[in-house]
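Here's a quick tour of a model, with an eye on its ligand site, its ring pairs and a few residues along the way. Have the viewer open as you read.

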Amino acid sequence: MQRGLNLLQQFAGAFLQDVNLGVILIDTEFQLIDISDMACRVLGLEKKKVLGQPMEHIFATLPAEHQLVRRNILDGMVVRNHALSWTNNQERYELLLDSNVLRDESDQIAGAYIIFKDVTNLRSLEEQVQRSDRLAMIGQIAAGTAHEIRNPLTSIKGFLQVLRRTLQEQGMERECGYTEVMLTEMNRINELVNEFLLLSKPKNVTYASVDLSQVVRDIMPIINNEAILHGVIVQCDISDRLPRIIADREMLKQVFLNICKNGIEAMGDGGHLTITERVDNEERKVNIDIHDTGPGIPLFVIDKIFDPFFTTKEEGTGLGLSICQRIIHDIGGHIRVSSKGYGTTFTLSIPFP
Ligand SMILES: Nc1ncnc2c1ncn2[C@@H]1O[C@H](COP(=O)(O)OP(=O)(O)O)[C@@H](O)[C@H]1O
Ligand SMILES: [Mg+2]
């Protein structure tokens with residue numbers, strides 16, 4: 001019996017220390033008796049400060065949820081798989097919550113417990129699947145259309161060049177200027193079509209072991225050039241010894257370019273673009289933060305920025321970020337964005353073997 005009891009105590013202790021499990025214990029007075037470390041972390045509480053406190057005080061900002069628990073204590077109601085979104089500082093957590101009463105030997109209610117798991121990754125996985133379904137369809141349509149546009153475009157361009165030369169030879173300066181404008185506009189269409197083609201599943205992707213530091217170094221001149229045009233200062237703090245990752249080098253460059261360009265375009269003169277890295281050896285991921293001091297992204301916009309064709313720019317295509325997201329997802333990584341009031345940070349999280 002003693003051994004059994006010990007084991008039970010150890011089990012309870014392990015529960016409270018489990019890094020993946022949120023546990024909250026409450027007595028009949030609705031006071032917090034114990035709370036696990038993970039629950040404190042996710043809910044943003046300090047254990048010392050909340051132990052023994054009434055639940056109404058601790059969760060004063062969240063009446064609906066504590067009512068749920070209170071009712072539970074009073075009526076013995078069981079809660080199973082209750083999904084709850086929780087925002088703590090910048091992080092948003094998706095929690096899945098169970099709760100039930102605890103009874104003493106005489107079957108009287110002695111308290112209650114709440115157990116929850118952080119299912120943020122699962123939920124975003126669900127969203128990713130939906131998104132990539134949609135993206136795949138748009139990609140197919142876009143690619144089909146793009147091919148149809150590209151072929152006539154090539155011949156128009158060819159004839160236009162011939163025409164320009166003829167006009168030049170005949171000294172028709174003004175008409176020659178028109179063809180110049182036409183060719184520039186054609187190039188714009190061509191670029192758009194190329195982006196369309198990227199959105200669809202590209203055919204010649206070559207995955208290889210890639211030196212991430214080298215990729216960043218390779219594209220820095222282009223980013224710097226773009227920055228000078230916009231009067232932006234770029235600071236790149238990337239070590240030369242980042243772990244190698246498995247990716248398509250050219251597509252990876254595309255990702256960095258798109259995100260840096262967005263940042264630069266969002267800022268006016270005097271803006272700062274900072275590129276930094278964090279290597280997470282435990283999770284085996286390289287995190288690259290691309291931070292700008294621009295105006296930030298309003299909340300009602302932030303959910304849409306990865307959607308194909310969503311743009312707030314006069315000349316934007318709205319394809320940049322959706323392409324970036326596809327490329328990063330295909331190598332098992334993810335892109336996160338955080339924008340609070342002022343400035344925006346895009347975080348690329350890429351796994352390494
Ligand atoms: N760093 C940023 N700061 C502010 N807004 C941004 C930033 N990056 C992206 N956005 C928003 O996301 C939208 C979509 O970006 P993107 O897919 O690259 O398309 P585009 O650049 O063609 O508009 C932009 O139009 C802009 O509103
Ligand atoms: Mg863009």
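## Around the ligand

Start with the backbone: a polar backbone atom of G318 sits 2.9 Å from an oxygen atom of ligand 1. Keep in mind that this is a predicted model, so treat the distances here as computed from predicted coordinates. G320 also brings its backbone, with an N or O atom 3.4 Å from an oxygen atom of ligand 1. On its own, ligand 1 has 540 Å² of accessible area, and the protein covers 93% of that.

A side chain joins in as well: D292 places a polar side-chain atom 2.7 Å from a nitrogen atom of ligand 1. D292 is also among the residues that come nearest, together with N262, T311, T312 and K313, out of 19 around ligand 1.

## The pocket and its shell

How does the space taken by ligand 1 rank among the pockets? It is the second largest pocket. Three elements give two or more residues each to the shell around ligand 1, namely α9 (249-266), α11 and β12. Of these, α9 supplies the largest share, with three residues.

## Helix α11

Is α11 mostly enclosed or mostly open? Nine of its 11 residues are buried, so the rest of the structure largely encloses α11. The buried set is G320, L321, S322, I323, C324, Q325, R326, I327 and I328. G320 is thus both on the buried list of α11 and a backbone neighbour of ligand 1, at 3.4 Å.

After α11 comes G332, which has a positive phi, near 85°.

## Strand β12

Besides giving residues to the ligand shell, β12 holds S349. The relative accessible area of S349 is 5%, and because buried means under 20%, S349 counts as buried. Its side chain makes a polar contact of 2.8 Å with the side chain of N287.

## Two aromatic pairs

The structure has two aromatic pairs. In one of them, the ring centres of F11 and F15 are 4.8 Å apart and the planes meet at 50°, so this pair is tilted. Tilted is what remains between the cut-offs: under 30 degrees would be stacked, and over 60 edge-to-face. Both residues belong to helix α1 (residues 2-17); because they are four residues apart there, about one helical turn separates F11 from F15. F15 is partly exposed, with a relative accessible area of 27%.

The other pair is F306 with F346: their ring centres lie 6.5 Å apart and their planes are at 75°, so the pair is edge-to-face. It links distant parts of the chain, 40 residues apart, with F306 in the loop between α10 (299-302) and α11 (320-330) and F346 in strand β12 (residues 344-351). Both F306 and F346 are buried.

## A loop residue to look up

Where is V119? You'll find V119 in the loop between β5 (109-118) and α6 (120-169). Its relative accessible area is 12%, and because the limit for buried is under 20%, V119 is classed as buried.

For a sense of scale, compare V119 with R217: the two are 98 residues apart in sequence, and their C-alpha atoms are 37 Å apart in space.

Notes. Residues are numbered from 1 along each chain as its sequence is written. Chains are lettered from A and ligands numbered from 1 in the order in which they are written. This is a predicted model: local features need pLDDT of at least 70, side-chain atom pairs count only at pLDDT 80 or more; totals for chains, interfaces and linings use all residues. Side-chain values use heavy atoms; hydrogens and water are left out. Rings of Phe, Tyr and Trp (its six-membered ring) pair if their centres lie within 6.5 Å; planes under 30 degrees apart count as stacked, over 60 as edge-to-face and the rest as tilted. Buried means under 20% relative accessible area, exposed over 50%, partly exposed in between (1.4 Å probe, protein chains only). A residue is near a molecule or strand if one of its heavy atoms lies within 4 Å of it. A polar contact is a pair of N or O atoms within 3.5 Å; within protein, one must be able to donate a hydrogen and the other to accept it, and residues adjacent in sequence count only if both atoms are side-chain atoms. Accessible areas come from the Shrake-Rupley method with a 1.4 Å probe; for residues, only the protein chains shown count as cover. On a 1 Å grid over the protein atoms alone, a cavity is a set of points where a 1.4 Å probe fits but cannot get out, and a pocket is an open set with protein on both sides within 12 Å along at least five of seven lines; lining residues have an atom within 4 Å of a point. A molecule sits in a cavity or pocket if more than half of its atoms lie within 2 Å of its grid points.
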